[in-house]
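Here are some exercises with worked solutions for you to try. Have a look at the model first, then take the steps one by one.

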Amino acid sequence: MDKSKLGRIILVGAAILMLLTTYLAVIYVPLPQTSVKSADKILSSVEGSRIRVAGFVSDILNLPREFNPAQVIRFSLADFSDYQRYLAAAMVDQLDSQWWTVRPIDVEIYEVPKLMLAGIVDGPQDFIKGTNLSVLARVMDKGIGSNSNVTGFSLETSSWNDVTIGTSPGQFGIMTAPVAQKIFYFHMPSAWVSYLAFFVTLIASALYLKTRKIKYDRWAFCSAELGVLFSTIAITTGPVWAKQEWGVYWRWDDTKLVTTFVLWLVYIGYLMLRASMTDTGTRARVGAVYGILGFVTVPMSLLSSRVAPLLQSSHPQVIASNSGSLSPEAGMTIGIAIIAFTLLFITMLIRRVEIAESEEELEELKRTIGGED
Amino acid sequence: MSAALAIAWKDLKIELRSKEMLSAMFLFSLLMVLAFRFGFEGSVDAGDVALSDLGASSLWICFSFAAIVGMHTSFAKEKDRETLEGLLLCPVDRSSIFLGKVLSNMVLVFLVDLLSILFFSLFFAYDFEGNTIAVVGIAFLGTLSLVLVGTLVAAISVNARAREALLPVLLIPLIAFSVIIPSVSATRKAIAGDVSEAVGEIQSILGFAVIFGAVGYLTFDYVLEG
């Protein structure tokens with residue numbers, strides 16, 4: 001009796017928190033600010049003051065063949081808001097035929113210091129069009145109007161230490177699609193819950209093998225089923241965002257995406273394995289072993305982008321990273337969302353186990369009435 | 001260990017007499033390399049495709065599919081001839097059965113690996129030169145990891161209906177990231193001659209081999225029970 005009361009409290013709590021999450025995510029959290037400085041902002045700043053600008057290299061004005069320590073490398077840095085158009089053009093190989101002189105930010109790097117020469121020789125490979133850069137630079141020569149290519153200012157930096165080369169705007173904490181980012185409040189908790197669910201499957205499978213109580217098998221199976229459900233949500237909400245942010249739905253060169261896909265397939269395999277066996281004992285036993293074995297893919301997916309990545313990962317890392325730090329509002333929302341999804345999972349798991357129990361009872365009754373076996 | 005060796009020897013002896021699996025795997029790898037040869041004829045002749053890329057991917061397709069065929073048969077045969085019960089009645093550890101099966105599968109699959117590498121070298125007129133040892137070594141490591149997890153999954157799927165279809169469904173996602181991707185990458189580097197750059201991949205393969213071996217050794221008891 002007490003137990004069902006608790007179940008009801010969790011259910012109501014989950015429902016309220018889900019509604020709250022939706023409200024917070026859609027209405028409350030402000031859109032993430034890009035840290036790209038607009039041309040106006042740069043023009044209004046004091047000459048000589050240092051500002052950090054980020055963008056992608058849209059044009060290389062003069063890249064010397066042989067590096068002379070005193071030589072100037074000039075390139076223009078376009079705002080990431082142009083990134084979508086850029087990606088689209090890059091994909092059909094039409095970078096050159098499009099107009100890329102928007103140049104809200106123009107950067108000139110003067111007098112490459114001798115000390116950094118070794119780094120610079122490696123540099124040109126990185127300095128292709130489309131490279132993502134963040135530069136801490138000084139505002140110089142505002143209001144140059146004579147050259148039509150320049151929007152009216154230039155920036156300069158004298159140290160390569162001030163230049164950061166990144167693989168994606170996200171590495172500089174810049175979202176090119178701020179509205180699509182809202183899906184994060186549902187995507188990340190779903191992924192978390194799927195990991196949790198598979199962990200429950202692991203524990204319940206081990207307990208089943210140890211104790212041989214069928215109830216643990218029920219927990220393992222039901223939890224895996226919900227895990228597949230939630231990882232399906234995570235795996236389908238991700239591409240919706242990725243299309244906006246990266247310009248493509250899916251990237252096979254991204255460790256996180258590939259490992260999560262593999263994880264999803266493994267547990268679908270687990271469900272198929274269970275479905276293809278009729279004998280309860282064998283199903284529970286063999287399912288438990290595969291449930292344990294399959295868990296190998298969970299840390300693989302969870303830690304993929306942090307532990308020795310064989311491939312690159314552009315998937316944002318939210319926790320334990322210094323790049324994608326969240327605003328306090330976003331942090332609170334994601335916290336509530338995680339609690340909401342966890343409670344939702346717990347209440348769904350309890351219900352699912354109850355259903356499984358009823359199903360087994362029904363089978364038992366059928367057998368008694370039918371007189372078979 | 002001697003029990004494991006005895007079981008492995010028994011499997012290999014049966015195989016030597018019937019040559020069922022070996023001939024199937026042999027023809028399979030032959031056809032696979034042939035298909036690649038004809039499929040990529042134009043681009044290979046024109047030099048559009050790097051042979052190290054093509055070699056690594058086509059070899060690993062041969063290895064993994066041959067392994068799946070071989071490992072499936074090693075348990076399915078026992079089940080069909082009802083000799084599995086006999087094996088279970090042996091007064092040895094279940095883990096020894098696991099080790100024995102791993103050993104016999106390893107020998108057969110590795111043999112097919114060597115044949116595939118030979119066929120590749122033959123059909124593509126490609127000389128591995130000094131890289132042969134590196135390529136064979138990586139094939140050995142990758143196959144070991146593959147067989148360790150594959151033997152366990154084959155034992156799992158042998159209980160199911162539609163087991164032929166189920167084994168790849170259960171196995172391929174497990175090995176995709178842990179074995180295939182690092183092995184293909186390491187093989188590509190080995191063929192290109194810079195195996196020393198493949199340390200990360202080799203560590204990854206070895207790490208997963210340890211994990212799969214441990215899980216298999218510990219849980220095999222439960223799979224074959226009853």
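**Exercise 1. Decide whether B:D45 is buried or exposed, and place this residue in its chain.**

Step 1. B:D45 has a relative accessible area of 57%. The cut-offs are under 20% for buried, over 50% for exposed and partly exposed in between, with a 1.4 Å probe and protein chains only. B:D45 is therefore exposed.

Step 2. B:D45 sits in helix α3 of chain B, residues 41–46. Helices are DSSP runs of H or I with at least four residues, strands are runs of E with at least two, and both are numbered from the N terminus.

Step 3. Now take a ruler to B:D45 and B:L89: they are 44 residues apart along the chain, and their C-alpha atoms are separated by 57 Å.

A word on the ground rules: this is a predicted model, in which local features need pLDDT of at least 70, side-chain atom pairs count only at pLDDT 80 or more, and totals for chains, interfaces and linings use all residues. Residues are numbered from 1 along each chain as its sequence is written, chains are lettered from A and ligands numbered from 1 in the order in which they are written, and side-chain values use heavy atoms, with hydrogens and water left out.

**Exercise 2. Find out which residues B:R37 is in contact with.**

Step 1. Locate B:R37 in helix α2 of chain B, residues 20–39.

Step 2. Contact means heavy atoms within 4.5 Å. Leaving aside neighbours within four places in sequence, the partners of B:R37 are B:V44, B:D45, B:F123 and B:F124.

Step 3. Check the accessibility: B:R37 has a relative accessible area of 17%, so this residue is buried. Its partner B:D45, as you saw, is exposed.

**Exercise 3. Describe chain B as a whole: which elements does it have, and what is its radius of gyration?**

Step 1. Count the elements: chain B has nine helices and zero strands. Read from the N terminus, the order is α-α-α-α-α-α-α-α-α.

Step 2. Compare with the globule rule, which is 2.2 Å times the number of residues to the power 0.38, with the radius taken over C-alpha atoms. For 226 residues a compact globule would have a radius of gyration near 17 Å, and the 18 Å of chain B agrees with that.

Step 3. Add the box: along the principal axes, the C-alpha atoms of chain B fill roughly 60 × 35 × 30 Å.

Step 4. Look at burial and contacts. In chain B, 52% of the 226 residues are buried. Of its contacts between residues at least 6 apart in sequence, 81% join residues at least 24 apart.

**Exercise 4. Say what sign phi has in B:E82 and B:A125, and where these residues lie.**

Step 1. Most residues other than glycine have a negative phi, and most peptide bonds are trans.

Step 2. B:E82 has a phi near 55 degrees, a positive value. B:E82 belongs to the loop between α4 (51–80) and α5 (84–89) of chain B, and is exposed, at 62% relative accessible area.

Step 3. For B:A125, phi is near 50 degrees, again a positive value. The loop here runs between α6 (94–123) and α7 (132–157) of chain B, and B:A125 counts as exposed at 71%.

**Exercise 5. Explore the largest nonpolar core: how many residues does it have, and what does B:I156 touch?**

Step 1. A nonpolar core is a set of buried Ala, Val, Leu, Ile, Met, Phe, Trp, Tyr and Cys residues joined through side-chain atoms within 4.5 Å. The largest one has 118 residues.

Step 2. The members that touch the most others are A:Y267, A:L273, A:Y290, A:L293, B:L152, B:V153 and B:I156.

Step 3. Not counting residues up to four places away in sequence, B:I156 touches A:L273, A:V286, A:V289, A:Y290, B:L170 and B:V223.

Step 4. There is also a second, separate core of 11 residues, including A:V53 and A:F75.

**Exercise 6. Compare A:T157 and A:I9: which is buried and which is exposed?**

Step 1. A:T157 is in strand β5 of chain A, residues 154–157, and is buried, with a relative accessible area of 2%.

Step 2. A:I9 is in helix α1 of chain A, residues 2–28, and counts as exposed at 56%.

Step 3. Finish with distances. A:T157 and A:A137 are 20 residues apart in sequence and 4.7 Å apart in space, C-alpha to C-alpha. The C-alpha atoms of A:I9 and A:L87, 78 residues apart along the chain, are separated by 49 Å.
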